[in-house]
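Reader: I am a first-year student and I would like a close look at a single part of this protein, the place where the metal is held. Could you take me through it slowly, and then show me what lies around it?

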Amino acid sequence: MQHAPTRSGPVDSDGGIRQTGTDRPFLHVLADTSDKLSGICSILNEKFTIAGERLDADSRLSQTPAAIVIRAELRDVDNIAAIKKRASKLAKARKRIFLLDHASHVCISQAYALGATLVLSGTVTRTRLLAALADPAGGVSASSGDTSQPDNAVETAATAIASMFTAMTLGQPLDVEGTKEAGRQIADRITQHGLTEWLMTVRRHHEGTYQHCLLVTGVAIDFGLSLGVGRTDLERLYSAAMFHDIGKAQIPLAILDKPGRLDAAERALIETHPAAGYEFLKGHDGISPEILDAVRHHHEYLDGSGYPDTLCAESIGDIVRILTIADIFAALIEHRHYKPTMPRAEAYDILCGMNGKLEKALVRSFKQVALTR
Ligand SMILES: [Fe+2]
Ligand SMILES: [Fe+2]
């Protein structure tokens, strides 16, 4: 069944929608049912000029939108095929927000594999959707329509993380080289543009576990660069960082994304992720013992209070110590829709207050990474 685009602005000569004023950005909305389509359009109508289209219709819109919002059931192969068919058009929009009714690791991974720059799952309220579109760091403005290019290092890395989580969830083999290559691209990007630019880019593109992995990898790379580690260690570091939380593919999203405090049972479940990641990765070629060690032990502390093996200082290697600091710092500064982003200086103060758990000299060296780089 074909459906004509739903339009809320005047049609231009080539069938696209032109903006009605300079202050109304143009958005493209795609959905797999008419109900979903009209639901989203009614939320966005007041602030944006919208062209909406059902996924099963022939794509007729030619104007490049400032953002694309897609709401579809990604367990349905026809929807996936319809989105893939529009891939080149999607790639032109700087922001591609996927709204998922069914939140699972596989659906979220699928959305990123299809080019999402942000995935919102669960109940997507009007406030949350407008906030995602208005986010000042990467918000949609009237002029952002056709000038911005997709961000390659971020997209490559997010896709690599998506396929990594899918592989673990489905028990399929992992693309080890592809994941390492994504880490290498992040290292190049940070060497060229610095850490601050990376943190800003990642925070405006991604949420949740993916954002966390991208932030940890960036922070670990920059920490490694600032310490002057050699090429081999830098490779170990970014690979370990990319893989470090892969075990979270086995933890329900309701727990991973829970805004409030976790209860004891939830905490116990979360604490299984380093060993689960290690078990999955150790069956793969191309993952060195140092990387496996870092994945398994990134939650260990020098005073023996960490998990899963309650290691003490002498058993915790350098790569692990660096990764642990990068991991904690990244977790503190990450952007979640339910909490404000912690300033970098405040996050560094928390690291400094973790007496006995982290190597003091390393935390001191981390200061310039945390505050100035
Ligand atoms: Fe972790
Ligand atoms: Fe982590």
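Author: Since this is a predicted model, everything below describes computed coordinates. A good place to begin, before the metal itself, is Phe243, which touches Met164, Leu174, Val176, Thr179, Leu281, Ile287, Ile291 and Val295, leaving aside residues up to four places away in sequence. Phe243 is also one of the residues that touch the most other members of the largest nonpolar core, a set of 99 residues in which Leu74, Phe98, Leu174, Leu281, Leu351 and Phe366 are likewise among those with the most such contacts. Because domain 1 (16-133) and domain 2 (152-371) both give residues to this core, it lies between them. A second core, separate from that one, has 20 residues, including Leu27, Val29, Ile50 and Leu129.

Now to the metal. The iron ion (ligand 1) is coordinated by Asp245 through OD and by His273, His298 and His299 through NE2, at 2.1 to 2.2 Å. Along the chain these donor residues follow the spacing D-x27-H-x24-H-H. The four donor atoms subtend angles of 84 to 175°, which makes the arrangement around the iron ion (ligand 1) irregular. His273 lies in helix 13 (residues 273-281), whereas His298 lies in the loop between helix 14 (289-297) and helix 15 (318-333), so the pair ties together parts that are 25 residues apart in sequence. His273 is buried, with a relative accessible area of 1%, and His298, at 1% relative accessibility, counts as buried too.

The iron ion (ligand 2) is coordinated at 2.2 Å by His212 and His244 through NE2 and by Asp245 and Asp327 through OD. Its donors are spaced H-x31-H-D-x81-D in sequence, and the angles among its four donor atoms, 80 to 169°, belong to a site that is irregular. His244 lies in the loop between helix 10 (231-243) and helix 11, and Asp327 lies in helix 15, so this pair ties together parts that are 83 residues apart in sequence. His244 is buried, with a relative accessible area of 0%, and Asp327 is buried as well, with a relative accessible area of 5%. What links the two sites is Asp245, which coordinates both iron ions, and these ions are 3.4 Å apart.

From here we can look at other parts of the chain. In helix 4 (residues 105-113), His105, Cys107, Ile108, Ser109, Ala111 and Tyr112 are buried, and the elements covering the buried residues of helix 4 include strand 5, strand 6 (118-121), helix 6 (152-170), helix 9 (208-227) and helix 11 (253-256). After helix 4 comes Gly115, whose phi is positive, near 105°.

Strand 5 (residues 95-100) leads us to the strands. Strand 4 and strand 5 run parallel and are joined by five bridges, with Ile97 in strand 5 as the bridge partner of Val69. Strand 2 (residues 26-31) is also joined to strand 4 by five bridges, and these two run parallel; here Leu30 stands opposite Ile70 of strand 4. Strand 4 (residues 67-71) is mostly covered, with four of its five residues buried.

Finally, consider the whole protein, which has 17 helices and six strands. Buried residues make up 54% of its 373 residues, and among contacts between residues at least 6 apart in sequence, 69% join residues at least 24 apart.

Definitions and conventions. Residues are numbered from 1 along each chain as its sequence is written. Chains are lettered from A and ligands numbered from 1 in the order in which they are written. This is a predicted model: local features need pLDDT of at least 70, side-chain atom pairs count only at pLDDT 80 or more; totals for chains, interfaces and linings use all residues. Side-chain values use heavy atoms; hydrogens and water are left out. A nonpolar core is a set of buried Ala, Val, Leu, Ile, Met, Phe, Trp, Tyr and Cys residues joined through side-chain atoms within 4.5 Å. Buried means under 20% relative accessible area, exposed over 50%, partly exposed in between (1.4 Å probe, protein chains only). Domain bounds come from an automatic or database domain assignment. Contact means heavy atoms within 4.5 Å. Two strands pair if DSSP finds at least two bridges between them. Donors are N, O and S atoms within 2.8 Å of the metal (3.2 Å for Na, K and Ca); water is not among the atoms, so sites may look incomplete. Four donors count as tetrahedral if all angles lie between 85 and 135 degrees; four count as square planar and six as octahedral if opposite donors are over 155 degrees apart and all others between 65 and 115; anything else is irregular.
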